[in-house]
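Student: Got a minute? I'd like to go through this one before I set anything up.
Tutor: Sure, put it on the screen.

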Amino acid sequence: MSRKGGGKVVVPPGVWKTGRIELKSNVNLHLEEGAELHFSGNIKDYLPVALTRYEGIEVYSLGALVYADNQEI
């Protein structure tokens with residue numbers, strides 16, 4: 001969707017296994033009723049690491065499960 005300039009990503013009902021979801025500018029993520037995201041337990045699904053802040057200290061972390069950095073609404 002990002003390469004097309006934006007739009008809406010709809011997750012239909014069901015159980016979906018995924019790694020990190022990286023949100024991009026002008027892309028909206030919508031989960032329909034009954035849709036479940038199950039995040040994997042594999043570290044490789046959350047790479048690359050992200051620079052973040054923990055208790056005021058900058059650290060590299062696997063980051064959030066749903067992640068956006070320097071994006072516009």
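Student: Charges first. How far apart are the mean positions of the positive and negative charges?
Tutor: They are 8 Å apart. The protein has 8 positive and 9 negative charges. Keep in mind that this is a predicted model.

Student: OK. And the surface: how much of it belongs to carbon and sulfur atoms?
Tutor: The figure is 52%, out of an accessible surface of about 5,800 Å².

Student: What share of the residues is buried?
Tutor: Of the 73 residues, 16% are buried. The cut-off for that is under 20% relative accessible area.

Student: Switching to the fold. How many helices and strands are there?
Tutor: Zero helices and eight strands. The C-alpha trace spans about 40 × 30 × 20 Å along its principal axes.

Student: How much of the contact set comes from residues 24 or more positions apart?
Tutor: They make up 32% of the contacts with a separation of 6 or more.

Student: Let's look at β6 and β7. In which sense do they pair?
Tutor: Antiparallel, over five bridges. Strand β6 covers residues 50-54 and strand β7 covers 57-61. A50 stands opposite S61 in β7.

Student: What's in the turn of that hairpin?
Tutor: Two residues sit between the strands, and E55 takes a positive phi near 50°. E55 is not a glycine.

Student: Is E55 buried or exposed?
Tutor: Exposed. Its relative accessible area is 70%, and the cut-off for exposed is over 50%.

Student: Which other non-glycine has a positive phi?
Tutor: N26 has one, at about 65°. N26 lies in the loop between β3 and β4. With a relative accessible area of 40%, N26 counts as partly exposed.

Student: S25 is in that loop too, I think. What does S25 touch beyond four places in sequence?
Tutor: Right, the loop runs between β3 (21-22) and β4 (27-31). S25 touches Q71 and E72. A polar atom of the S25 side chain lies 2.8 Å from the backbone nitrogen of E72.

Student: Last one, the backbone again. Which peptide bond is cis, with omega near 5°?
Tutor: The one from L47 to P48.

Student: And where is P48 placed?
Tutor: In the loop between β5 (35-39) and β6. Strand β6 is the one that pairs with β7.

Definitions and conventions. Residues are numbered from 1 along each chain as its sequence is written. This is a predicted model: local features need pLDDT of at least 70, side-chain atom pairs count only at pLDDT 80 or more; totals for chains, interfaces and linings use all residues. Side-chain values use heavy atoms; hydrogens and water are left out. Helices (H or I, at least four residues) and strands (E, at least two) are DSSP runs, numbered from the N terminus. Buried means under 20% relative accessible area, exposed over 50%, partly exposed in between (1.4 Å probe, protein chains only). Contact means heavy atoms within 4.5 Å. Accessible areas come from the Shrake-Rupley method with a 1.4 Å probe; for residues, only the protein chains shown count as cover. Lys and Arg count as positive and Asp and Glu as negative; His and the chain ends are not counted. The place of a charge is taken as NZ of Lys, CZ of Arg, CG of Asp or CD of Glu. A polar contact is a pair of N or O atoms within 3.5 Å; within protein, one must be able to donate a hydrogen and the other to accept it, and residues adjacent in sequence count only if both atoms are side-chain atoms. Two strands pair if DSSP finds at least two bridges between them.
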